[in-house]
Amino acid sequence: MSKLQTPVRKNDTVAVTTGKDSGKRGRVLRVLPAKNRVIVEGVNIIKRHTKPNPQRNIKGGLVEREAGLHASNVQVVCPECGKPTRMGSRVLGDGRKVRICRKCEGVVDK
Ligand SMILES: [Zn+2]
């Protein structure tokens with residue numbers, strides 16, 4: 001069994017490839033590698049009713065937050081060509097491993 005590993009990193013811009021938010025783009029707020037999920041700003045918003053809890057200074061009401069997506073449902077948007085793309089990887093001369101765009105071969109990690 002190979003471990004599923006997402007190439008998505010925090011602060012990447014990603015495009016959603018499936019589901020109701022398909023086509024939307026957003027910045028990655030968090031990556032949850034154990035669950036293979038990513039939390040993307042403004043994408044897959046869920047509304048939750050919360051009860052007020054004065055001890056924890058929580059007001060009751062409707063709270064919106066990002067529910068996150070499975071990492072396989074997003075693609076990293078290449079900063080070079082601006083297209084959602086699969087990631088390759090390359091080891092640079094200084095030994096640094098970087099992600100590269102499969103479309104334009106541009107280096108994604110600066
Ligand atoms: Zn590219």
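User: Which residues have the most contacts inside the largest nonpolar core, and how many residues does this core have?

Analyst: Happy to start there. In this predicted model, the largest nonpolar core has 15 residues. Those with the most contacts inside it are V8, V14, V38, V40, L69, V74 and V76. Strand 1 (13–16), strand 3 (37–40) and strand 7 each supply at least two residues of this core.

User: What is L69 in contact with, leaving aside its neighbours within four places in sequence?

Analyst: The partners of L69 are V16, N36, R37, V38, V40, V43, N44 and V74. Each counts as a contact because heavy atoms lie within 4.5 Å.

User: Why is V108 called buried?

Analyst: Buried means under 20% relative accessible area. V108 has 10%, so the residue counts as buried. V108 sits in the segment after strand 10.

User: What is V108 in contact with, if we leave aside neighbours within four places in sequence?

Analyst: V108 touches V76, P79, M87, R99, I100 and C101. With P79, the C-alpha atoms are 6.4 Å apart in space, while the two residues are 29 apart in sequence.

User: Is C78 buried or exposed, and what about C104?

Analyst: C78 has a relative accessible area of 1%, so C78 is buried. For C104 the value is 34%, so C104 is partly exposed; that label covers values between the 20% limit for buried and the 50% limit for exposed.

User: How many disulfides does the structure hold?

Analyst: Zero. A disulfide would need a pair of cysteine sulfur atoms within 2.5 Å, and the structure holds no such pair.

User: Let's turn to pockets. What volume does the largest pocket have, and which residues are closest to its centre?

Analyst: The volume is about 300 Å³. Of the 16 lining residues, T6, P7, A71, S72 and V74 are the closest to the centre. Strand 7 (residues 74–77) gives the most to this lining, with three residues.

User: How do the lining residues of the largest pocket divide into nonpolar, polar and charged?

Analyst: Seven are nonpolar, seven are polar and two are charged.

User: And what lines the second largest pocket?

Analyst: Its lining is made up of Q5, T6, P7, R9, M87, G88, S89, K97, V98, R99 and D109. Strand 9 (87–91) and strand 10 (97–101) are the elements that give two or more residues to it. The space in this pocket is about 250 Å³.

User: What makes four of these lining residues charged?

Analyst: Asp, Glu, Lys and Arg count as charged, so R9, K97, R99 and D109 fall in that class. The lining of the second largest pocket also has three nonpolar and four polar residues.

Definitions and conventions: Residues numbered from 1 in each chain as written. Predicted model: local features only at pLDDT ≥ 70, side-chain atom pairs only at ≥ 80, totals over all residues. Heavy atoms only, no water. 1 Å grid on protein atoms, 1.4 Å probe; cavity = no way out; pocket = protein on both sides within 12 Å on 5 of 7 lines; lining within 4 Å. Points joined across faces, edges and corners; volume = space filled by probe spheres on them. Helix = DSSP H or I, 4+ residues; strand = E, 2+ residues; numbered from the N terminus. Buried < 20%, exposed > 50% of the residue type's maximum accessible area, 1.4 Å probe, protein only. Core = buried A, V, L, I, M, F, W, Y, C linked by side-chain atoms within 4.5 Å.
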